[in-house]
Amino acid sequence: MSEERFGEFVLVRRHGDGDVGHVAELALDRPKAMNAVSTEMARSIAGACAALGADRDVRVVVVTSTHERAFCVGADLKERNSFTDAELVRQRPVARGAYTGVLELPVPTIAAVHGFALGGGFELALSCDLIVADRTAVVGLPEVSVGVIPGGGGTQLLPRRVGAARAAELIFTARRLEAAEAHELGLVDELVEQGRDREEALALASRIAANSPVGLRAAKRALRLGHGLDLRAGLEVEDAAWRSVAFSGDRAEGVAAFNEKRKPQWPGE
């Protein structure tokens, strides 16, 4: 396993066999503030995501936390309280960059959540394709209780998971949900025993990473671009994604490996 730090608060670990790790772990590492997202931390998340997205060896990204009791408690409100209006306006694109950085990763992404995942912290998880949570998880979008609204994608991502009315209830009431209810309502995808969120998320990532990197990126593109379109338009998105992989080296290797009853050696192109 190799490690690379992006700024003071983000650590990227590479997991996998041999010299190249196909699973990348983006660890939120600001324990003294329960991973509250400051301006500096937002820049680091965006920078790490840009590097991971450009790395063709990366097949899956898992977002984790080094804090024992929190995934991320959201925006750094102490820092925000010190801003003038002009400073808040200037900081906004930096903050957005962290969330869009995760959201726009071209490979499958998994959030490993334990403890508090609130506000922007839950929005980081929502920006991932899948959320694995342990039984200590507490999630929610409490922004209206402090006079703002979810600004990291929450008003758009949550209804895509749970429907418009359920998302409205959760956002308007600002209530927190414990793990069992969050799983029941579909806010998280997999519920695991306490302390096993990271381990289970990495295991899931390893299973995903065994598949074609070209296929994974194309499948994610079709899922993301097709969501919300009418069926006819969605099928055109799927067809375009299919055409991008149909004549790839991965497709040729996958068919050959299947016929020869062996494990594929993906060229990744």
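**Entry 1: a word before I start**

Buried means under 20% relative accessible area, exposed means over 50%, and partly exposed covers what lies in between. I am reading a predicted model here, and I wanted that scale in hand before looking at arginine 80.

**Entry 2: arginine 80**

I began with a single residue. Arginine 80 sits in helix 2, which spans residues 77–81. Is it buried, exposed or partly exposed? Its relative accessibility is 30%, and because that value falls between the two cut-offs, arginine 80 counts as partly exposed.

Next I looked up its company. Leaving aside residues up to four places away in sequence, arginine 80 touches Ala75, Leu88, Gln91 and Ala95. I also checked a pair separated along the chain: threonine 39 is 41 residues from arginine 80, and their C-alpha atoms are 9.2 Å apart.

**Entry 3: the largest pocket**

Arginine 80 led me on to a pocket. The largest one has a volume of about 940 Å³. Its lining has 34 residues, and those nearest the centre are Ala75, Leu77, Arg80, Val146 and Val148. So that I could place this lining, I noted the elements that give two or more residues to it: helix 2, helix 3 (85–103) and helix 4 (120–126). Helix 3 provides the largest share, seven residues. By character, I find 15 nonpolar, nine polar and 10 charged residues in the lining.

**Entry 4: the second largest pocket**

I turned to the runner-up, which holds about 540 Å³ of space. It is lined by 18 residues, and Cys128, Asp129, Leu223, Arg224 and His227 are the closest to its centre. Two or more lining residues come from helix 5 (154–162) and from helix 9 (213–226). Which helix gives the most? Helix 9 does, with five residues. The lining of this second largest pocket divides into 10 nonpolar, two polar and six charged residues.

**Entry 5: a closed space**

I then looked for cavities. The count comes to one cavity of 30 Å³ or more, and the volume of the largest cavity is about 30 Å³. I listed its lining: Phe122, Gly140, Leu141, Leu158, Leu170, Arg175, Leu177 and Leu187. Six of these lining residues are nonpolar, one is polar and one is charged.

**Entry 6: the seven-stranded sheet**

On to the strands. A reminder to myself: strands of a sheet pair through backbone hydrogen bonds, either parallel or antiparallel.

One open sheet has seven strands in the order 1-2-3-4-6-8-11, with mixed pairing. Strand 1 (2–6) and strand 11 (190–192) are at the edges; each has a single partner strand, so one side of each has no neighbour in the sheet. From one strand to the next, the twist averages 20 degrees.

I followed part of this sheet strand by strand. Strand 4 (residues 60–65) pairs with strand 6 in the parallel sense over three bridges, and valine 63 has alanine 111 in strand 6 as its bridge partner. Strand 6 then runs parallel to strand 8, joined by four bridges, with valine 113 opposite alanine 133 in strand 8. Strand 8 (residues 130–134) pairs in turn with strand 11, in the parallel sense over three bridges. Alanine 133 appears again there: its bridge partner in strand 11 is leucine 191.

**Entry 7: a closer look at strand 6**

How many residues of strand 6 (residues 109–113) are buried? Five of its five residues are, so I note the strand as mostly covered. I checked which way they point, too. Thr109, Ala111 and Val113 point one way, while Ile110 and Ala112 point the other way, and all are buried.

**Entry 8: the four-stranded sheet**

I kept the other sheet for last. This open sheet has four strands in the order 5-7-9-10, with mixed pairing. Its edges are strand 5 (70–72) and strand 10 (177–178), each with a single partner strand, so one side of each is left without a neighbour in the sheet.

I looked up the pairing at one of those edges. Strand 5 pairs with strand 7 (residues 116–118) in the parallel sense, over two bridges. Here alanine 70 has phenylalanine 116 in strand 7 as its bridge partner.

Terms used. Residues numbered from 1 in each chain as written. Predicted model: local features only at pLDDT ≥ 70, side-chain atom pairs only at ≥ 80, totals over all residues. Heavy atoms only, no water. 1 Å grid on protein atoms, 1.4 Å probe; cavity = no way out; pocket = protein on both sides within 12 Å on 5 of 7 lines; lining within 4 Å. Points joined across faces, edges and corners; volume = space filled by probe spheres on them. Nonpolar A, V, L, I, M, F, W, Y, C, P; charged D, E, K, R; others polar. Pairing = 2+ DSSP bridges. Axes fitted to C-alpha atoms, helices over the stretch in contact; angles between N-to-C directions. Buried < 20%, exposed > 50% of the residue type's maximum accessible area, 1.4 Å probe, protein only. Contact = heavy atoms within 4.5 Å.
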